[in-house]
Amino acid sequence: MRNIKLSLTFLLLFLTVIGLFFLEINNNNIERQALIKAKVIGTDDSDVIQSSIARIGMQELTVRILEDKHQGEQVVAYNTLQGKPSLDNYYNVGDTILVALQEQDNKLVNANAVDMYRNNWEIILFALFVLLLLIYAKSIGIKAIFSFIASLYIIWKFLIPGLLAGYNPLLFSTLILLILSAIILFSIAGFTKKGLASFIGTVVGLMAASGIAVIFGNKMSLQGMTVPYAETLLFSGNIGLDMKHIFYAAIVIGASGAAMDIAMDISASMEEIKIKKPDIEIWELIRSGFNVGRAVIGTMTTTLLLAYSGGYLTLMMLFLSQNTSYTRMLNYKVVAAELLRIVTGSIGLVLVAPITAIVAGWIYTVELRDIKVKKMISDFSKNYKVK
């Protein structure tokens, strides 16, 4: 039986990989600009005006191309500074950057500086994550890496193009979350009762959170424009997007990871209890699941608060520095949107815990209860056999 489950698990992983490559949403109409890696070998800041930490103007760079057919050639690249430190890049000699080349008659004319080249450090960081995961989790770590990469692929190749295509944000995101939850939970737990209980608890809790987000989001008159880059997205040719429902979908997606974590924690704990005490009654097992869930929920809701608050730490510092009243803070659109995100996500987590405990309690004891019923019927037949 164990070999059969293992084979089914790897079959799922294989079919999922094949499906990811052949069932993409058609997004071939999106044009991509080729970016080339280059090294800054000279700078000219004569046209740059600096005021405090902001710089405005045009920085002229002399760069040497590091790849492609123009490797080794030097060209002038221009870096436009808009006075926005959050978006601008100021380059120094020795920096490795990305440039968009401009050619004429197959010869380099000039280039535009796009951003710092960070791929090497990002690869090193991800490799460190993979190494530590494999050292600690071993075979489970391999499954976790698969689910991590598969999730990134589905989000980038399915979710984002689908939302840009105008699909209903809530319905489409819910479908994607169902697929992601199945891949993540079943790849980790296999086709087991533990995986099934975790999946059911996660899905039900997230659907409830989705409904709550819509109801209270409408009551609080939140239109979704508080999402970073929402205006830029709309004004870049996507004016017809439903930003309000995209915002609601983002709330549920943001809480889905923690929901799966809680569901798996509770399901795995209850499985261990069932293994150590095979004859445990269903309600006793469910109570144990409730106790585990309470402990997990106590820290997980705070985790959501800290995770979301960290993104707006500077805004909170601004409020405090200006002695902003609590009434003004709570009614500020960005703060209200984050409160909706935090509380709705937390409600989803609170619902996931008992649902998973109930489902797992029933699933783990159903065979035992069937055996007991069959034994009762057998005993009754022996004792009251009609002669």
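Which backbone oxygen does the side chain of Ser 198 reach? Let's work up to that and a few related exercises. This is a predicted model, where local features need pLDDT of at least 70, side-chain atom pairs count only at pLDDT 80 or more, and totals for chains, interfaces and linings use all residues. Residues are numbered from 1 along each chain as its sequence is written, and side-chain values use heavy atoms, with hydrogens and water left out.

**Exercise 1. Place Ser 198 and find its partners.**

Solution.
- Step one: locate the residue. Ser 198 sits in helix H5, residues 193–219. Helices here are DSSP runs of H or I with at least four residues, strands are E runs of at least two, and both are numbered from the N terminus.
- Step two: check the accessibility. Ser 198 comes out at 0%, so it counts as buried. (Buried means under 20% relative accessible area, exposed over 50%, partly exposed in between, with a 1.4 Å probe and protein chains only.)
- Step three: look for the oxygen. It's the backbone oxygen of Ala 263, which the Ser 198 side chain reaches at 3.4 Å.
- Step four: list the neighbours. Leaving out residues up to four places away in sequence, Ser 198 touches Leu 185, Ala 263, Met 264, Ser 267 and Thr 356. (Contact means heavy atoms within 4.5 Å.)

**Exercise 2. Describe how H5 packs on H7.**

Solution.
- Step one: get the geometry. The axes of H5 and helix H7 (residues 243–276) lie 7 Å apart, at an angle of about 150°. Axes are lines fitted to C-alpha atoms, for helices over the stretch in contact, and angles run from 0 to 180 degrees between N-to-C directions.
- Step two: classify the angle. H5 and H7 are therefore roughly antiparallel. (Under 35 degrees is roughly parallel, over 145 roughly antiparallel, 65 to 115 roughly perpendicular, the rest oblique.)
- Step three: assign the hand. H5 and H7 make a right-handed crossing. Right-handed means the near helix is turned clockwise from the far one by less than a right angle; anticlockwise would be left-handed.
- Step four: sort the residues. The H5 contact with H7 has 14 nonpolar, 7 polar and 4 charged residues. (Ala, Val, Leu, Ile, Met, Phe, Trp, Tyr, Cys and Pro count as nonpolar, Asp, Glu, Lys and Arg as charged, and the others, Gly among them, as polar.)

**Exercise 3. Repeat the analysis for H4 and H7.**

Solution.
- Step one: helix H4 (residues 169–189) and H7 have axes that come within 10 Å and cross at roughly 20°.
- Step two: that angle makes H4 roughly parallel to H7.
- Step three: the crossing of H4 with H7 is right-handed.
- Step four: the H4 side includes Leu 177 and Leu 185, and the H7 side includes Val 252 and Met 264. The tally for this contact is 13 nonpolar, 4 polar and no charged residues.

**Exercise 4. Is His 70 buried or exposed, and what does it touch?**

Solution.
- Step one: find the loop. His 70 lies between strand E3 (54–65) and E4.
- Step two: read the accessibility. His 70 has 4%, so it's buried.
- Step three: collect contacts. Beyond four places in sequence, His 70 touches Ile 65, Leu 101, Glu 103, Asn 106 and Leu 108.
- Step four: scan the loop for backbone oddities. Asp 68 also lies between E3 and E4, and has a positive phi of about 70° although it is not a glycine.

Key: Polar contact = N/O pair within 3.5 Å; in protein donor to acceptor, adjacent residues only side chain to side chain.
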